[in-house]
There are 2 protein chains.
Amino acid sequence: LTLQTDIQPSVAPERFRDGMRRVAAACAIITARDEDGQRVGLAATAICSVTADPPRLLVCVNRSVSAHPAIVAAGALGVNIIPDGQHNLIQRFSGGTPREERFAIGPWRTGVSGAPILADALVAFDCRIVEAIAASTHDILLCEVIDLVTTEGGDPMLYFDGAFRSLTAAAGQSQ
Amino acid sequence: LTLQTDIQPSVAPERFRDGMRRVAAACAIITARDEDGQRVGLAATAICSVTADPPRLLVCVNRSVSAHPAIVAAGALGVNIIPDGQHNLIQRFSGGTPREERFAIGPWRTGVSGAPILADALVAFDCRIVEAIAASTHDILLCEVIDLVTTEGGDPMLYFDGAFRSLTAAAGQSQ
């Protein structure tokens with residue numbers, strides 16, 4: 001890798017955030033179980049496939065969110081991709097809702113790792129964390145997928161330009 | 001971080017890939033300029049915001065793709081988020097199209113880093129690579145955003161379940 005140390009950053013945080021609003025992403029809920037067995041979770045879009053062999057993905061989690069210490073202590077997490085229309089579920093995991101109340105909506109199960117898994121997620125990845133890479137305000141959590149659950153059909157809920165959005169019907173798809 | 005070494009992976013690569021097909025993502029073209037000044041690029045969806053301060057994102061690139069050595073040698077890359085409907089552009093960067101022919105469509109400019117930047121991208125991030133983290137078949141490229149270009153309006157092209165998809169009109173959005 002050539003490190004281009006002579007090129008200096010010139011993008012302010014707010015401008016970067018405005019740019020990122022233009023990158024549509026699937027809505028997910030990241031979950032874990034803390035040392036007392038209590039469930040924690042947060043809404044997230046910073047999820048990325050890494051490699052299929054071994055099956056690994058990554059999530060970026062702000063170290064200042066209340067669920068962060070529990071996720072890292074558990075060494076395991078769930079990535080639940082949310083179906084279209086479940087705004088209420090996502091919003092429950094975005095604001096100041098108390099921990100256990102967040103899990104009052106939805107058919108939550110416990111995965112192999114101990115993490116809460118949403119049974120009707122488009123896909124839910126049950127993961128163990130293999131590495132936490134510090135990156136300023138966030139941790140990049142490199143995760144190995146130990147189990148996954150998918151549901152047939154259904155479309156995703158997207159987040160774009162600060163709003164929840166839906167897909168149009170696919171070619172040949174009846175609704 | 002607690003490493004859960006007693007939990008073993010049990011998901012085959014093909015099952016992981018099937019699960020990942022259920023995670024909708026924005027379509028992007030990752031670009032760079034090789035040591036001879038030739039432009040290289042590939043279509044990708046594995047892009048993720050990391051932190052706003054300093055402004056950083058990451059992309060995961062398969063080490064076996066032909067553009068990989070040039071990207072790492074350049075130490076800089078462009079992340080161009082593709083507007084809805086530009087299937088031809090994306091497909092040109094997905095198959096066996098020769099390097100320079102890939103750039104025959106679209107208003108390509110040269111960014112501060114030297115990477116090709118698509119002038120009509122929804123947003124284009126011009127980046128220097130600050131770290132390459134090996135992860136089996138792929139490299140996780142941690143990138144600092146040194147410049148970005150956005151276009152007003154427009155919707156993204158999404159990839160979901162192996163097909164290109166579009167967003168429905170937003171609430172209050174006229175088309």
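**Loops and backbone geometry**

I began at B:Ser136, which I found in the loop between E9 and E10 of chain B. The model is a predicted one, and in it B:Ser136 has a positive phi of about 55 degrees although the residue is not a glycine. I then looked up its accessibility and noted a relative accessible area of 33%, so B:Ser136 counts as partly exposed.

In chain A I looked up A:Asp161, another residue that is not a glycine and yet has a positive phi, of about 55 degrees. I placed A:Asp161 in the loop between strand E11 (158-160) and E12 of chain A, and with a relative accessible area of 31% I recorded A:Asp161 as partly exposed.

Next I turned to the peptide bonds. I found the bond from A:Asp53 to A:Pro54 to be cis, with omega near 0 degrees, and A:Pro54 itself to lie in the loop between strand E4 (47-52) and strand E5 (55-62) of chain A. In chain B I noted that the bond from B:Asp53 to B:Pro54 is cis, with omega near 0 degrees, and that B:Pro54 lies in the loop between E4 and E5 of that chain.

**The contact between chains A and B**

I then asked how many residues of chain B are in contact with chain A. I recorded 76 residues of chain B in contact with 76 residues of chain A. For the area buried between the two chains I have about 6,300 Å², of which 66% comes from carbon and sulfur atoms. On the side of chain B, I noted B:Leu1, B:Phe16 and B:Arg22 as the residues that lose the most area to chain A, together 11% of what that side buries.

For the polar part of the interface I wrote down 26 residue pairs in polar contact between chain B and chain A, counting pairs with both residues at pLDDT 80 or more. By class, I noted 44 nonpolar, 20 polar and 12 charged residues on the side of chain B that touches chain A.

The count of salt bridges between chain B and chain A is four. I looked up one of these, in which the side chains of B:Asp147 and A:Arg15 meet at 3.4 Å, N to O. Among the elements of chain B that each supply at least two residues of the side touching chain A, I listed helix H1 (13-20), helix H2 (68-74), strand E9 (123-135) and strand E10 (138-150).

I also followed A:Arg165, whose place is in strand E12 (residues 163-165) of chain A. I found A:Arg165 to be buried, with a relative accessible area of 6%, and a polar atom of its side chain to lie 2.9 Å from the backbone oxygen of B:Thr168.

**Cysteines**

How many disulfides does the structure hold over all chains? I found zero. A:Cys48 is in no disulfide, and I noted the nearest cysteine sulfur, that of B:Cys60, as 3.8 Å away. I recorded a relative accessibility of 2% for A:Cys48, which therefore counts as buried.

Why is A:Cys60 not bonded to B:Cys48? The sulfur of B:Cys48 is the closest cysteine sulfur to that of A:Cys60, but at 3.9 Å I take the pair to be too far apart for a bond, because a disulfide here requires sulfur atoms within 2.5 Å. A:Cys60 counts as buried too, as I noted from its relative accessibility of 7%.

Methods: Residues are numbered from 1 along each chain as its sequence is written. Chains are lettered from A and ligands numbered from 1 in the order in which they are written. This is a predicted model: local features need pLDDT of at least 70, side-chain atom pairs count only at pLDDT 80 or more; totals for chains, interfaces and linings use all residues. Side-chain values use heavy atoms; hydrogens and water are left out. Contact means heavy atoms within 4.5 Å. Buried area is the accessible area (1.4 Å probe) that two parts lose on being put together, summed over both. A polar contact is a pair of N or O atoms within 3.5 Å; within protein, one must be able to donate a hydrogen and the other to accept it, and residues adjacent in sequence count only if both atoms are side-chain atoms. Helices (H or I, at least four residues) and strands (E, at least two) are DSSP runs, numbered from the N terminus. Ala, Val, Leu, Ile, Met, Phe, Trp, Tyr, Cys and Pro count as nonpolar, Asp, Glu, Lys and Arg as charged, and the others, Gly among them, as polar. Buried means under 20% relative accessible area, exposed over 50%, partly exposed in between (1.4 Å probe, protein chains only).
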